[in-house]
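I opened a fresh page for this chain. My notes follow in the order I looked things up.

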Amino acid sequence: FPSHDNWLDKELETFKQTESTFKSLPSLKLVPNVITEIDVDFSKPFDKWNDEVNNVMKAIIPVKVNGTSMSFWLNVRNPLYFELVRAGKEGQTHFKILQTGTQKNTKYTIVK
């Protein structure tokens with residue numbers, strides 16, 4: 001299947017790069033109606049991942065939950081992303097996040 005080789009090679013290369021960067025950390029999974037406390041590492045720019053299928057850019061935010069390092073994959077268009085970046089600029093690193101709803105109805109709120 002020579003016509004498939006080119007894009008598959010590129011896909012494997014991309015995956016290798018992505019895999020090496022992100023596979024070391026588990027992904028943060030928020031639970032609906034449960035407040036999760038996170039500490040965000042703002043020391044370097046967040047890595048980004050482009051989901052071309054769904055046309056979504058996600059930030060891969062390094063966080064700690066109860067001392068465990070994790071990656072919080074967050075759509076950059078989600079209002080929570082802007083709130084986290086703004087609060088980080090003001091020096092805040094500890095957040096309490098509440099998820100309500102699931103899938104397309106998911107909403108995140110920072111609990112003060």
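What share of the 112 residues of the chain counts as buried? I got 26%, with buried meaning under 20% relative accessible area and exposed over 50% (1.4 Å probe, protein chains only).

I noted the ground rules. The model is predicted, local features need pLDDT of at least 70, side-chain atom pairs count only at pLDDT 80 or more, and totals for chains, interfaces and linings use all residues. Residues are numbered from 1 along each chain as its sequence is written, and side-chain values use heavy atoms, leaving out hydrogens and water.

Next, the layout. I found two helices and six strands, taken as DSSP runs (helices H or I, at least four residues; strands E, at least two) numbered from the N terminus. Their order is α-β-β-β-β-α-β-β.

Then I looked up the core. The largest nonpolar core (buried Ala, Val, Leu, Ile, Met, Phe, Trp, Tyr and Cys joined through side-chain atoms within 4.5 Å) has 19 residues. I61 and L84 are among those with the most contacts inside it. β1, β3, β4, α2 and β5 each give two or more residues to this core. I61 touches L84 too, along with partners including V40 and F72; contact means heavy atoms within 4.5 Å.

I turned to α2 (79–89). Its buried residues are L80, Y81, L84, A87 and G88. They fall within an arc of 135 degrees, taken from the directions from the helix axis to the C-beta atoms, so they line one face of the helix. P79, F82 and K89 are exposed on the other side.

Last, the ends of α2. N78 caps the N-terminal end, with a side-chain oxygen 2.8 Å from the backbone nitrogen of L80. Just after α2, G91 has a positive phi of about 100 degrees.

Definitions and conventions:
Polar contact = N/O pair within 3.5 Å; in protein donor to acceptor, adjacent residues only side chain to side chain. Lists of a residue's contacts leave out its neighbours within four places in sequence.
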